[in-house]
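Q: Hey, got a minute to walk through a protein model with me? I'll pull it up here.

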Amino acid sequence: MAELILSFFLSLLFIVVLSLCLRHFLPLTTTKRPAPPGSFGWPLLGETFSLLRPHASNELGQFLSGRCSRYGKVFKSHLFGSPTVVSCDHELNTFILQNEEKLFECSYPNSIHGVLGGSSMLVVVGEKHKRLRSLALALVFAAKAKPEFLIDIERTAISVMESWKDKDEVVFSAEAKKFTFDVIVKQILSLTPDDPRTTRILESFLTFMKGLVSFPLYIPGTPYARAVQARCEIHTIVKAVLEERSNAGEPSGNMGDFLDVLISNTNLSVDEKVSLVVDLLLGGHETTSLLISMMVYFLGHSPSVLKQLREEHIKIRRRKQKREFLNWEDYNAMECTQQVINEALRCGNVVKFLHRRAIKDVKFKDYFIPAEWKVLPVFSAVHLDPSLHLNAHQFHPWRWKGHTSSKKFTPFGGGPRFCPGSDLAKVETAFFLHHFLLNFSWTAHDAEEPTAYPYVEFRRGLTIHLQRRPACS
């Protein structure tokens, strides 16, 4: 009897393993034409863990470097549970972005859907995405049109500097996150930093981010489960804020602000509006804070660049009255700052790659991408390609003199899914740096570098020692 039971389970195990192997390798035999060269790795696991292995964000990492050397800039793999074509080729990446919703569509792993929610602008496609993005652009425009928009950003930056006056050391990435979060919550929800709801949202957001790209195991206590719960908490708070403004029944004192534009929209459900707010909080908080941290990291290793950048901000401050706020004219005069921002984005690679899916069979030059296969355009590979950028691994902001953009530079994506808040991120970064450079000098606590793990972060927080600078005259 025992032998029969053992035989049954061994047979069942064999069938399961065989089916997994067939499911893993079957796509290689069912395509009309051969996909690009490459390998699929082990059944079930594929090569996902190799791709996501931690590495410096200003490097390609062992997996991509090795595959490009062996197979070329376009190769096949098995990632995130699907057969995938990985593109480290500038021209193919551009082609993918230009043909969004024609030949390719957004296709994030199901685990990301589970955390972000089914109505998130980051995962929806087609007309639903167009509606959400159109509203997002209107909301960004409404925020920028407010007379107090720049003042709110600058006041928040000044508040951060004042909180450091008795400190010799700060964990910079945490401070940058607090700054960008206070700014985005004020712009989107009209909540002040001392509002208890702001603190609750921030706490939930930190939990949310830790589990966003964790192993998708929904068991109480796991990072993934805590992230799903944290998003529900954020959803509840944001929904209550929307209802409070909607039920006020009288002018809020912020008429025409972000919330008023959002509430007046009749094309979206309440849940879609709340999801849009969460998306904008995610983009405005995490990405911008990382950009600011990248700036401080690279400037700390580039004293000549830091000197020139500081001189630009001293010049701007000297033509202002004491305590006079910055304006758009001042921002547009920050040419050196814009060059340093672009170079930090190119070298730091805040967004490493995107998730796409081929809607139909696609042929581009000599490459064939089978329908339903996932496609990963890797931006960092283009940003660090020595055939496209002279001394690609060198932090050299002056390469951007005379131009502010390039088709070989896509830190905010491209096409119809281009980040709607990219300009706001640059304004926040520039204003924060203005006051940071004028008030402090700094040295890094250790040799920490930004790490792709899998999204980019400073794993020890980028601790820096502060030295107060004399006021410029």
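A: Sure. One term before we get to surface numbers: accessible areas here come from the Shrake-Rupley method with a 1.4 Å probe. Also keep in mind that this is a predicted model.

Q: Okay, so how much accessible surface does the protein have, and what share belongs to carbon and sulfur atoms?
A: The accessible surface comes to about 22300 Å², and carbon and sulfur atoms account for 57% of that.

Q: And how many of the residues count as buried?
A: 54% of the 473 residues do.

Q: What's the secondary structure like?
A: You've got 18 helices and 13 strands. The radius of gyration is 24 Å, and the globule rule gives 23 Å for 473 residues, so the protein is as compact as a globular protein of that length.

Q: What does the C-alpha trace span along its principal axes?
A: About 85 × 55 × 45 Å.

Q: Switching topic: where does His 235 sit?
A: His 235 is in helix H11, which covers residues 223–246.

Q: Buried or exposed, that His 235?
A: Buried: its relative accessible area is 16%, and the cut-off for buried is under 20%.

Q: Which residues does His 235 touch, leaving out those up to four places away in sequence?
A: Asp 271 and Val 274. With Asp 271 there's also a polar contact, side chain to side chain, at 3.4 Å.

Q: Last one, charges: how far apart are the mean positions of the positive and negative ones?
A: They're 5 Å apart, with 56 positive and 48 negative charges in the protein.

Key
Residues numbered from 1 in each chain as written. Predicted model: local features only at pLDDT ≥ 70, side-chain atom pairs only at ≥ 80, totals over all residues. Heavy atoms only, no water. Helix = DSSP H or I, 4+ residues; strand = E, 2+ residues; numbered from the N terminus. Rg over C-alpha atoms; globule rule 2.2 N^0.38 Å. Buried < 20%, exposed > 50% of the residue type's maximum accessible area, 1.4 Å probe, protein only. Lys, Arg positive; Asp, Glu negative; His and termini not counted. Charge placed at Lys NZ, Arg CZ, Asp CG, Glu CD. Polar contact = N/O pair within 3.5 Å; in protein donor to acceptor, adjacent residues only side chain to side chain. Contact = heavy atoms within 4.5 Å.
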